[in-house]
Number of protein chains: 2
Amino acid sequence: MDRRIGFIGLGIMGRPMARNLVTAGSDLIVHSRSPGPVDDVVAAGARRAGSPEEVAASSDVVILMLPDTPDVEAVLFGPSGVVTGIAEGRLVIDMSSIEPLAARRFAERIGDVGAEMLDAPVSGGEKGAIDGTLSIMIGGSAAAVELAMPIFEILGGNIVHVGPSGAGQICKACNQLVVGATIEAVAEALALAERCGVDPVMVRQALLGGFASSRVLEVHGQRMLDRDFEPGFRARLHLKDAGIVIETGSEVGQPLPSFAPVAEQFRRLVGGGGGDLDHSALFTLIAGRDAEGVSPPVAPGASPP
Amino acid sequence: MDRRIGFIGLGIMGRPMARNLVTAGSDLIVHSRSPGPVDDVVAAGARRAGSPEEVAASSDVVILMLPDTPDVEAVLFGPSGVVTGIAEGRLVIDMSSIEPLAARRFAERIGDVGAEMLDAPVSGGEKGAIDGTLSIMIGGSAAAVELAMPIFEILGGNIVHVGPSGAGQICKACNQLVVGATIEAVAEALALAERCGVDPVMVRQALLGGFASSRVLEVHGQRMLDRDFEPGFRARLHLKDAGIVIETGSEVGQPLPSFAPVAEQFRRLVGGGGGDLDHSALFTLIAGRDAEGVSPPVAPGASPP
């Protein structure tokens, strides 16, 4: 790739993504708050920049991978931000998961200085970032998507141009809605089985053969059975995304009767100190005491209390 | 198969299942309320019986495939019921979806007359019944399951002995919980996308590539996009199953924070006259007016009301 690529935000996701770009032979300049990940990617062959402004000044394409909406706003428009360094005709690709309406607003402001911006949030977690198999959901102009495609093809597998600016973030919100609700549904089903004295291992196996089958039942269902809540994807990040879903729904008047209580469960989990557990730890909020080995399962046919 | 098999209940599911048994060379005797399906299966090679009692008197194994708990109770224990005709050592396989506690109670009463009963509800719908690829979730003794296995292998694909009596029905309740909740989640996601002005076709495609992927997103998601709510599986049957989930949960004290509103949505759908639509018609309760082509989608970035 002959274009100079800037990368800002070398967290759990950004660091392996940046490394994959370097490995693919990209001319990469990076910036991040923590020096450790920068040293790591620089050792792999990238150059170091002192600020987002400096990244933007020396790149044809600037990629952002940041935790939340305010982080993206600060990096783009804050002191020594991207917008101060960027030249006309350049491209910004924001791969963070942020509020769809903010994404659209940011794209307009980037457009005002003659550059262009894509929203391109991802799904697939750290493993997808490391393996270069992320799902990428893109909002923006077809011309910009075409320009960015060689980069997306290094980072991801399932690459979908969803629609105009903001559409990528809306798609990501839909993704997090479905993933969160499915985790809660699987948790409720396995907890119900267990509380009825039925082996949830067998239930998961039976359900995988029919319409109840899902990636969540496969992966997160197994984590629930193992009581293994090492992230994976942290509950506090899913809480942030659940907030985006609820807010977007309320902005357009979309009823979300089953997701609203799921968002509430994420709030309970994070509020109770489980923010750094995997999102499948929703299970712990509703599983019986036997889930911690305290009491034996209730036999099927037990009398109502 | 050299055993004489009785089959009671030749509805949408029972009729193709009985036909598959005949085709596999079983010696089959059938009974059903409607004469049409009986004629059909008799024409295929089965014998006809005048009552459940008569079926039981001339069979080694009696299979039931009936709509609901009271139907099973009437056929087993009502006038000219199975229990009047059955001999010691015989086997009853109830493949209907009924209340788990009732299944256990019925099995005990069948045990009292020296026979044995399995609960073996299925998933996979009419198509699975026709193709002989049903998922079968079995509760009962290992010996009885072994005895019934050649029959199950004609009718189904994914055959799981979940646990003791009642465990099959509990597993089926868990299945219907997950399927119902996933349908509602997919409906909320596609409706949200559409109301934000984003093409739900692209959203479904993007979501199929990651953790949001499920059989429901694939099959029922497509039905929502097509506004094609021909059943499939009727909403009123899913409402019945949702009632079983809620009741079982309340009997064992299982919180179901996200399934409770899903059950309520099924009640709304059926109460509004949608009982004979496919269960994916939950989508119609929350999709915007544009879903019926009345108004254009709301553009992304539309102001909050």
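This report describes how chain B meets chain A in a predicted model, and then the surroundings of one residue of chain B.

In this predicted model, local features need pLDDT of at least 70 and side-chain atom pairs count only at pLDDT 80 or more, while totals for chains, interfaces and linings use all residues. Residues are numbered from 1 along each chain as its sequence is written, chains are lettered from A and ligands numbered from 1 in the order in which they are written, and side-chain values use heavy atoms, with hydrogens and water left out.

**Symmetry**

Chain B is superposed on chain A by a rotation of 180 degrees with 0.0 Å of shift along its axis, at an RMSD of 0.0 Å; the fit is by least squares on the C-alpha atoms of residues with pLDDT of at least 70 in both copies. The two copies are therefore related as by a two-fold rotation axis. The C-alpha of S214(B) is the one nearest the axis in chain B, at 2.0 Å.

**Interface**

Contact here means heavy atoms within 4.5 Å. Because 100% of the interface residues of chain B are also interface residues in chain A, the copies meet through the same surface. Buried area is the accessible area (1.4 Å probe) that two parts lose on being put together, summed over both.

| Property of the interface of chain B and chain A | Value |
|---|---|
| Residues from chain B | 69 residues |
| Residues from chain A | 70 residues |
| Buried area | about 5,900 Å² |
| Share of that area from carbon and sulfur atoms | 71% |

In chain B, the residues that lose the most area to chain A are E188(B), L192(B) and F211(B), together 13% of what that side buries. Zero salt bridges are found across the interface, the rule being a side-chain nitrogen of Lys or Arg within 4 Å of a carboxyl oxygen of Asp or Glu.

Several elements of chain B each supply at least two residues of the side that touches chain A, among them α6 (100-112), β8 (134-139) and α13 (259-274). Helices (H or I, at least four residues) and strands (E, at least two) are DSSP runs, numbered from the N terminus. The largest share of this side, 19 residues, comes from α9(B).

**L269(B)**

Helix α13 of chain B also holds L269(B). This residue counts as buried at 5% relative accessibility, buried being under 20% relative accessible area (1.4 Å probe, protein chains only). Leaving aside neighbours within four places in sequence, L269(B) is in contact with A235(B), G274(B), G275(B), A281(B), L282(B), T284(B) and L285(B). The C-alpha atoms of L269(B) and T182(B), 87 residues apart along the chain, are separated by 16 Å.

Terms used: Buried means under 20% relative accessible area, exposed over 50%, partly exposed in between (1.4 Å probe, protein chains only).
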